[in-house]
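Student: I should like to learn how helix packing is read from a set of coordinates. Could we work through an example together?

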Amino acid sequence: MTERPMTHREILEALSGLLLVLFVAMASSTIVSTALPKIIGDLNGTQTQYTWVVTATLLTATASTPIWGKLADLYSKKLLVQISIIIFIVGSLIAGFTQNTEQLIAARAFQGLGMGGVQALVQVAIAAMIPPRERGRYNGYLGGVMALATVGGPLLGGLIVDTDALGWRWCFFIGAPFAVIALLVLQKTLHLPVMRRDDVKIDYLGASLIAAGVSVILIWVSFVDDAFGWISWQTLAMVGGGLVLLALAVWVESRVAEPVVPLPILKERTTALAIIGSLAVGMAMFGGSVFLGQYFQIGRGYSPTEAGLLMIPMMAGVLVSSTLAGQAITKSGRIKPYVVAGTIILVAGFAGLSFLDHDTSLWYIGACMALVGVGVGMSMQNLVLAVQNTVSLRDIGAASSTVAFFRSLGGTIGVSVLGAVLARHVADSMTSQLSAMGVPADAAGSGSSLNLSAMPEAIQHVVRIAYGDATGHIFLISAAVAVIGVIAAIAMRPAALRSTVDIKPPVSSPSEKVSVE
């Protein structure tokens with residue numbers, strides 16, 4: 001059967017549920033960003049564990065994203081969205097009841113499975129409802145939600161942590177009821193075509209190899225230069241093993257009937273460059289912004305609520321730029337100029353933040369953060385749109401999730417690498433300062449450098465200077481990585497956005513039955 005296009009009102013009704021659950025999923029990470037210094041301090045955790053609370057979520061979300069996307073091309077997109085929401089709710093509740101950092105990391109890893117599904121499948125569902133030419137206008141709504149989640153989340157997290165009647169555990173609990181509401185809204189409003197096929201074959205081997213290979217390499221990124229050296233048997237085993245697993249995955253994907261990541265999609269120029277751009281933008285954006293809340297609280301001594309307020313310029317930048325760019329793209333049908341401009345602005349913002357130290361002017365920091373927000377708003381979602389414009393509806397799930405996969409992969413690598421760099425600079429700075437004071441280097445505490453309340457005032461001052469001065473180094477790395485995104489955006493082939501959901505009217509095979517949920 002051929003279903004009629006959804007009306008603007010029907011699209012907005014369905015979007016209400018999709019955007020609500022996307023906000024909750026994204027905010028679950030950003031709410032924690034300003035709360036983490038308090039959480040890790042209360043649980044007496046370390047800088048490495050601080051990084052791993054973030055990395056664990058990104059790790060499982062990254063590894064599961066291509067699987068969710070492929071399943072969306074074979075089964076009910078609506079049902080898969082609902083399943084991912086349920087996994088997210090359960091993970092959130094478990095995280096709220098954890099008693100130590102190890103339990104929290106494990107709970108966040110499980111929560112990441114649901115987050116990966118939500119973030120990939122929401123974009124798949126939108127692509128199945130709206131033609132690329134019109135999607136720019138709706139991407140403005142998407143960008144607005146992402147802006148609120150990206151920086152509004154930290155403000156909410158700060159308020160929760162600073163409210164004695166709630167406490168940091170509500171940073172995890174608060175998302176659950178909203179996710180339930182989104183689940184009910186989607187059940188009533190989301191109606192998407194489902195291609196039911198009798199010859200469906202799921203590539204479980206390829207999916208497992210991809211997940212295992214990515215996981216091994218990301219775990220290596222998190223521990224190298226800390227638990228073991230760059231040149232060591234552990235590095236050889238983990239990097240070599242990860243590359244072998246991924247090579248086997250490519251071999252399997254090239255031979256199975258229903259690959260999780262269709263290789264022909266990756267060979268298309270626009271898709272390949274968008275993936276490179278997303279990898280760079282993801283690494284720069286996630287890796288850099290995760291540590292801003294820590295900078296304001298530990299490096300500058302602000303409360304969690306104040307740290308959230310100080311991050312508003314970034315939210316404003318994302319909100320304004322994504323909305324205006326979305327409208328302009330819908331009007332012109334051209335996407336490349338906005339992606340190129342966005343990546344250049346992103347580099348400028350991070351380059352400005354690379355000059356941070358423990359007493360940099362807040363006005364200067366706010367202006368640089370606004371540039372970062374504008375760059376993210378103009379580039380991140382539009383890289384996905386560029387890919388969706390080049391593939392047919394039957395491959396939209398795999399294509400969208402592949403871009404999301406590499407963006408999340410970049411974010412995970414960014415958080416791990418920049419976290420390791422920050423920890424090393426902080427340790428060196430503290431050792432130097434304490435030696436100059438004639439104090440033993442372990443005076444800041446043997447198990448943690450984040451539980452400031454347990455330290456003498458003089459040592460607290462040393463820790464704040466160390467974190468404040470070290471943060472600029474990670475933003476310099478972010479700027480260098482973002483340059484790769486600029487190069488990829490410039491190399492993209494200009495293309496007009498199509499005005500239909502699919503490239504051509506779909507032709508159902510004898511084993512394919514199309515229905516509407």
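Student: Which residues in H12 meet which residues in H18?

Tutor: One lists the residues on each helix that are in contact. In this predicted model, Leu-292, Gln-294, Tyr-295, Gln-297, Ile-298 and Gly-299 in H12 meet Val-463, Arg-464, Tyr-467, Gly-468, Thr-471 and Phe-475 in H18. By class, the residues of this contact comprise 6 nonpolar, 5 polar and 1 charged.

Student: At what angle do the axes of H12 and H18 cross?

Tutor: The axes of H12 (residues 292–299) and H18 (residues 457–491) cross at roughly 155 degrees and come within 8 Å. Angles over 145 degrees count as roughly antiparallel, so H12 is roughly antiparallel to H18.

Student: Is the crossing of H12 and H18 left-handed or right-handed?

Tutor: The crossing of H12 and H18 is left-handed.

Student: How should the pair H3 and H4 be read, beginning with the crossing angle of their axes?

Tutor: The steps are repeated. The axes of H3 (residues 77–96) and H4 (residues 101–129) come within 8 Å, crossing at roughly 155 degrees. H3 is therefore roughly antiparallel to H4, and H3 passes H4 in a left-handed crossing.

Student: Which residues in H3 and H4 meet?

Tutor: On the H3 side, the residues include Leu-80, Val-81, Ile-85, Phe-88 and Ile-94. On the H4 side, Leu-104, Phe-110, Met-115, Val-118 and Leu-121 are among them. The contact of H3 with H4 has 17 nonpolar, 6 polar and 1 charged residues.

Notes
Residues are numbered from 1 along each chain as its sequence is written. This is a predicted model: local features need pLDDT of at least 70, side-chain atom pairs count only at pLDDT 80 or more; totals for chains, interfaces and linings use all residues. Side-chain values use heavy atoms; hydrogens and water are left out. Axes are lines fitted to C-alpha atoms, for helices over the stretch in contact, and angles run from 0 to 180 degrees between N-to-C directions. Helices (H or I, at least four residues) and strands (E, at least two) are DSSP runs, numbered from the N terminus. Angles under 35 degrees count as roughly parallel, over 145 as roughly antiparallel, 65 to 115 as roughly perpendicular and the rest as oblique. A crossing is left-handed if the near helix is turned anticlockwise from the far one by less than a right angle, and right-handed if clockwise. Contact means heavy atoms within 4.5 Å. Ala, Val, Leu, Ile, Met, Phe, Trp, Tyr, Cys and Pro count as nonpolar, Asp, Glu, Lys and Arg as charged, and the others, Gly among them, as polar.
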